[in-house]
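Colleague: Could you take one part of this model and look at it closely, setting out its neighbours in order, and then place it against the wider assembly?

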Amino acid sequence: MQDFTASDKYTAAPVRLGEPDPYPDRVAGEFVCRVVSNDLVNESNRLLVLDAPERALRAKAGQFFHLLCPTPDGAEVWMRRPMSIYRIDRAGGRLEFLYKCEGRGTLGMSMLEPGGEFNIAGPLGIGFSLEPGWKNIVVLGRGVGLATLAPLSQLAVEHDVKIAAILSARTPELLMSRDFFAELGAEVMTVVDSDGSSAVENVEAILEGLIADGKADAFFTCGSNRLLMLMKRLGAAHGIPGQVAMEQLMCCALGACYICVRTFEVDGKRVLKRVCREGPVFDIQEAVGW
Amino acid sequence: MVDLSIRIGDVDLANPVMPASGAFSWEYADVIDLNRLGGLVAKTICKEPRNGNPTPRMAETEAGIIQSIGLPGKGVYYFLDNIVPEYKKFTPPFIASISAETADEFAEMCSILSVPEIDVLEVNISCPTRNATGGNFSLHEEHTAKVMRDIRAATDHPVWAKLSPNAGDIVSIAVAAEEAGADALVIANTFLSLKIRTDNFRPALGNKFGGLVSPALKPIVLRMVYQVAKEVTVPVIGIGGVTKAEDVVEYMLAGAHGVGIGYAGFRNPTALTAIIDDLQEWCEARGIERITDLIGAVRDDDMETDTLVAASAGV
């Protein structure tokens, strides 16, 4: 009699909702969450809402979780997928992820159903930070990169910092989070490819306007290489500090494996940094794009 | 209470479960209690600082992941000053892992690292993305014997030789390493692999070749551990595809004293401690009092295996 079954294929000891936490003081953990909902918000993006254990809710803006995605096709999904947090609802005990269904991992995620379980590891990495002197920030995001900037904006509101949000997407239908930013009281500007308004020159003009109006103490961006390069250039020219959230293929997500490195420029020298450990949020002036 | 402790040469380990070099760092303390592990195995270091290989460094395949990191690091002196102290915050034996391009450099590094803070030197003479005369010595018997003799002459520390599964006959390599003075054998490193993207006809990894990491390796490496353990007297540590407690048991039945775990710790960051818990339970449920009773306890005396051994050893 063989003693292997599908259920014992892997050993894992994640914390489950309502069960005791073996490592309550550790900064990160492996958690089995319960799916509340997982609905399409537009033609290509979904919002996953999870009931999560308390320790997972200690996540900060810009941090990420490493997600053990179900298989979309019967074959194994071998590695977890890193994903930044869209919303942390500590009072409600919920975590939300806004994602684009693209590769096998996110396709597997799209099949999660309410009531089902989902294993996440985190919170991981270094998130966004707000300096005490900043009264006005500019967030510039494109596509699903807007999701990463959402909790930063929540944080800014909590610190009484005003937000100018420039949201970029291919079409108006894909402009996610416009209401989210508007409800936070942000000054929202939208640009899209379909009418040409997302062109770098136009976004540059908008940013120059915000700088002239004194509304740009710091820049934040995610989701577009050309917008990152634009903010880096304007930031350097006007002496405006900035932060960018980056992504990369990841394996351990804890700093051990050195798979998720990217090139950065520090003091004129090119160096490799781990997106999982030294990031995923980096100084815009150190970023060299991708 | 089951006694999970094992002894590898002169080194006592609380249990047979260790991380595999390269798949672990002290940073796992963010998630688990490192003091529960059998040993702490650092990422392989080189003498000089290295950036490592171009990205992408990992690609998913149908049966596991292939990766090629290229031994990035800040060199041996940075390791001694900055990384060793991080590991020394924890109690399990500390195993430093070393790679070098020449036998002389291996010996020099072993000499530099023969300090009291380091309990064991794992000599990674099998980095899959290095060649036979530039670091992957364990592809050939004579290179293995030479580098291990030079290492042995350079240090009195326990030396564990990490061997390659890519050699034609790993048993001969293992015997050569033992005869040249290895205190234990770590079997094995990753399998040299390739993935080509059909969308752009390009190799998927920045370094072209990578090592396959997968539960699929377990039966292959288990066979190697079994064959090697029959021919050597030094302890063997099995690495390849361990994802659960029964896999540890299987390796020990095949003759291993302990195991190294890589992939499972990537998939589930809590896997190593969970496997130790499960191992304890597995032994309790079966009335096994000492885990060492499992070493080499496979019941195969009545089975004819000569054909298999001869075929896979290339005889």
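**A strand of chain B and its surroundings**

Modeller: Strand S10 of chain B pairs with strand S13 (residues 236-239) of chain B in the parallel sense, and three bridges join the two. Please bear in mind throughout that this is a predicted model. Within that pairing, B:Leu185 stands opposite B:Val236 of S13(B). S10(B) is also joined to strand S9 (residues 159-163) of chain B, again in parallel, but here over four bridges. B:Leu185 takes part in this pairing as well, since its bridge partner in S9(B) is B:Ala161.

The link between S9(B) and S10(B) is not only one of pairing, for together with helix H4 (residues 170-179) of chain B the two strands make a right-handed β-α-β unit.

As for the side chains, S10(B) covers residues 184-187, of which B:Ala184 and B:Val186 point one way while B:Leu185 and B:Ile187 point the other way. This is the expected pattern, because side chains in a regular strand alternate between the two faces of the sheet. Here neither direction leads to an exposed position, as all four residues are buried.

Turning to the wider assembly, chain B brings 40 residues into contact with 31 residues of chain A. Five elements of chain B each supply at least two residues to the side that touches chain A, namely strands S5 (58-61) and S6 (64-67) together with helices H6 (245-253), H7 (263-267) and H8 (271-285). H8(B) has the largest share of that side, with six residues. Sorted by class, the side of chain B that touches chain A holds 17 nonpolar, eleven polar and twelve charged residues.

Chain A, for its part, is divided into domain 1 (15-124) and domain 2 (136-245), and the C-alpha centres of these two domains of chain A lie 26 Å apart. Where the domains of chain A meet, 14 residues of domain 1 are in contact with twelve residues of domain 2. On the domain 1 side of that contact, strands S6 (87-89) and S7 (94-100) of chain A are the elements that give two or more residues, and S7(A) gives the most, with three. By class, this side of domain 1 of chain A has seven nonpolar, four polar and three charged residues.

Key: Residues are numbered from 1 along each chain as its sequence is written. Chains are lettered from A and ligands numbered from 1 in the order in which they are written. This is a predicted model: local features need pLDDT of at least 70, side-chain atom pairs count only at pLDDT 80 or more; totals for chains, interfaces and linings use all residues. A residue is buried if 20 or more other C-beta atoms lie within 10 Å of its own, exposed if 12 or fewer, and partly exposed in between; C-beta atoms are placed from the backbone. Two strands pair if DSSP finds at least two bridges between them. A crossover is right-handed if, with the strands pointing away from the viewer, the path from the first strand over the helix to the second runs clockwise. Two residues are in contact if their C-beta atoms, placed from the backbone, lie within 7 Å. Ala, Val, Leu, Ile, Met, Phe, Trp, Tyr, Cys and Pro count as nonpolar, Asp, Glu, Lys and Arg as charged, and the others, Gly among them, as polar. Domain bounds come from an automatic or database domain assignment.
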